[in-house]
Amino acid sequence: MQHFTSVMQKVGESLALGKIVDDLPFLQINDYSEFSVTDKKGRYLHWDKFRRIHTTDTRMKWRAVKESRMKIQKPLSFPLSYRFWFCIPDSLQAKLHLIDKNGGSSVGTSSTHGFSQTEQNRFLLKSLIMEEAITSAQLEGAATTRKVAKDMLRSKRKPKTKDEIMIVNNYRLMQKAVELKDHDLTMETILYLHRIATENAIDNQAASGAFRSSDDIFIADQDGNCIFQPPPHGEVATLMRALCEFANTEHDSIQEQFIHPVVKAVILHFLVGYIHPFGDGNGRTARALFYWFMLKKGYWLFEYLSISRLLKKAPVKYAQSYLYSETDGLDMTYFIYYQAEIIIRTIHDLNQYIIDKQKQMQDFTARIANYTQGLNHRQMGILQKALAESGKIFTAQEVAQEYGISLNTARGDLQKLNQMDLLVQFKSGNAIEYISPQNLLSRLENLKS
């Protein structure tokens with residue numbers, strides 16, 4: 001968490017006023033009825049921004065906003081007098097609708113000849129499953145490049161550095177979140193996920209798979225002033241038990257308090273960050289629980305969405321959304337808004353990725369159609385990579401991993417290309433590997449003749 005903590009320290013400078021003033025004396029606000037839950041642009045402003053926009057009668061206007069929010073707030077009571085809450089204003093409701101509308105199976109717009117839209121989408125998405133593992137580690141400070149990291153994961157090469165270990169751990173963490181999506185959340189599960197995330201990749205003396213046993217963790221500004229102190233370590237187990245109970249409670253029924261699944265997933269993310277139950281690895285564990293809950297609620301596309309990629313692009317805003325919630329009476333709405341915006345942008349990027357990949361595959365298929373009669377979409381994909389990178393080595397294990405097929409099927413794909421003289425087979429130790437020849441294009445042209 002070193003990288004994230006340094007960002008939090010910088011953000012702390014912008015919150016020099018400290019905690020939001022909630023103990024303002026009663027003020028007459030009849031003349032400020034235009035100041036409601038959000039502004040006219042639908043923005044849920046924090047005091048830090050509000051006071052810069054409204055420089056006259058600022059406190060009275062702010063009180064009008066706070067009064068409006070109190071009328072629609074949804075409380076989330078935790079033990080030990082922790083009272084979190086959130087609002088769902090119209091502008092946030094619209095974002096949630098957009099996520100519901102686009103976060104299911106309807107992605108991509110075109111179809112590649114030879115296999116269905118759904119089959120094609122899952123094939124294209126398979127190449128994205130590693131992205132979250134990589135960018136989540138980079139968000140925590142890992143320095144390995146995406147290309148090196150993806151090559152390592154695809155080939156199942158053993159990690160050589162601590163940064164690579166973190167990426168492999170995150171990859172295993174995401175796989176485990178997918179595997180556990182049909183199970184309830186328990187304390188043992190959270191500790192197990194943390195152990196996977198941090199094994200041989202902890203930056204301090206924290207224990208992997210164990211709650212912190214001290215209170216020496218806090219977020220400070222550059223002057224060393226504490227701007228956020230997590231709950232005492234003696235309260236962690238109680239709070240995490242309550243988190244599990246919240247996660248497992250049904251909130252989909254109209255007869256009980258309804259909480260939108262996306263909102264609930266984001267709240268789980270926030271709560272882990274707030275409770276800060278571990279000495280290190282809190283961010284990775286929080287994001288894993290977010291994915292676990294989204295998959296649990298049927299948002300299958302989130303197995304392939306990299307939230308961390310966009311969080312990494314704007315770490316200050318990520319940290320700021322935490323601090324805004326913490327400094328305004330534990331109002332999680334700020335964090336929910338920011339995460340909803342990140343999710344929408346991630347879905348948009350994914351749709352564009354699929355469209356681009358579909359077009360590339362269609363163009364490639366059309367260009368070499370005369371040379372490659374009878375090849376399946378996997379073999380076409382292998383050829384596309386082989387043409388793009390002369391000397392690239394392919395293994396059955398890597399192909400099986402990427403396309404989600406058996407080793408025998410992957411071997412069959414590679415052997416077919418070898419028999420067509422499009423890949424060169426060679427032995428590496430006890431393994432059979434295949435290399436892309438430099439004259440692959442001319443070999444393809446020879447097939448036509």
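**Figure 1. A positive patch on the surface.** In this predicted model, five residues come together as a positive surface patch: Lys-49, Lys-312, Lys-313, Lys-317 and Arg-345. Take Lys-313 as a way in. You'll find Lys-313 in helix H13, which covers residues 307-313. Is Lys-313 buried or exposed? Lys-313 counts as exposed, because its relative accessibility is 57% and the bar for exposed is over 50%.

**Figure 2. The whole chain, for orientation.** Before zooming in again, here's the overall picture. The protein chain is built with 19 helices and seven strands. Of its 449 residues, 52% are buried. About 20,900 Å² of the chain is exposed, and 49% of that comes from carbon and sulfur atoms. Now look at who touches whom: among contacts with a separation of 6 or more, 67% are between residues 24 or more positions apart.

**Figure 3. Ile-134 and its neighbours.** This view goes to helix H6 (residues 131-139), where Ile-134 sits. Ile-134 counts as buried because its relative accessibility is 0%, and buried means under 20%. What is Ile-134 in contact with, leaving aside its neighbours within four places in sequence? The answer is Arg-146, Ala-149, Lys-150, Leu-153 and Ile-167. Check out Met-166 too: Ile-134 and Met-166 are 32 residues apart in sequence, yet their C-alpha atoms are 8.5 Å apart in space.

**Figure 4. Lys-297 meets Asp-252.** Side chains of opposite charge can pair when their charged atoms come close. Here the side chains of Lys-297 and Asp-252 do so in a salt bridge, at 2.9 Å from N to O. The two partners belong to distant parts of the chain, 45 residues apart. Lys-297 is in the loop between helix H12 (282-296) and H13, while Asp-252 is in the loop between helix H10 (233-248) and helix H11 (261-275). Lys-297 is partly exposed, with a relative accessible area of 29%, and Asp-252 counts as partly exposed at 35% relative accessibility.

**Figure 5. A salt bridge linking two helices, H16 and H17.** Next up are Lys-385 and Glu-402, whose side chains form a salt bridge at 2.4 Å, N to O. Lys-385 belongs to helix H16 (residues 377-388) and Glu-402 to helix H17 (residues 396-403), so this pair, 17 residues apart, links distant parts of the chain. How covered are the partners? Lys-385 is partly exposed, with a relative accessible area of 25%, whereas Glu-402 counts as buried at 10% relative accessibility.

**Figure 6. Asp-421 and Arg-443 tie a loop to a helix.** In this salt bridge, the side chains of Asp-421 and Arg-443 meet at 3.0 Å, N to O. Asp-421 lies in the loop between helix H18 (407-419) and strand S6 (424-428), and Arg-443 lies in helix H19 (residues 440-448), so the pair ties together parts that are 22 residues apart in sequence. Asp-421 counts as partly exposed at 43% relative accessibility. Arg-443, at 17%, counts as buried.

**Figure 7. A small group of charges working as a network.** Which residues are linked in a network of salt bridges? They are Asp-48, Arg-51 and Arg-52. For the wider count, a search of the whole structure finds 19 salt bridges.

Definitions and conventions
Residues numbered from 1 in each chain as written. Predicted model: local features only at pLDDT ≥ 70, side-chain atom pairs only at ≥ 80, totals over all residues. Heavy atoms only, no water. Patch = residues over 30% accessible without salt bridge, like charges linked within 9 Å, V, L, I, M, F, W, Y side chains within 5 Å. Areas by Shrake-Rupley, 256 points an atom, 1.4 Å probe, with all protein chains shown as cover. Salt bridge = Lys/Arg side-chain N within 4 Å of Asp/Glu carboxyl O. Lys, Arg positive; Asp, Glu negative; His and termini not counted. Charge placed at Lys NZ, Arg CZ, Asp CG, Glu CD. Helix = DSSP H or I, 4+ residues; strand = E, 2+ residues; numbered from the N terminus. Buried < 20%, exposed > 50% of the residue type's maximum accessible area, 1.4 Å probe, protein only. Contact = heavy atoms within 4.5 Å.
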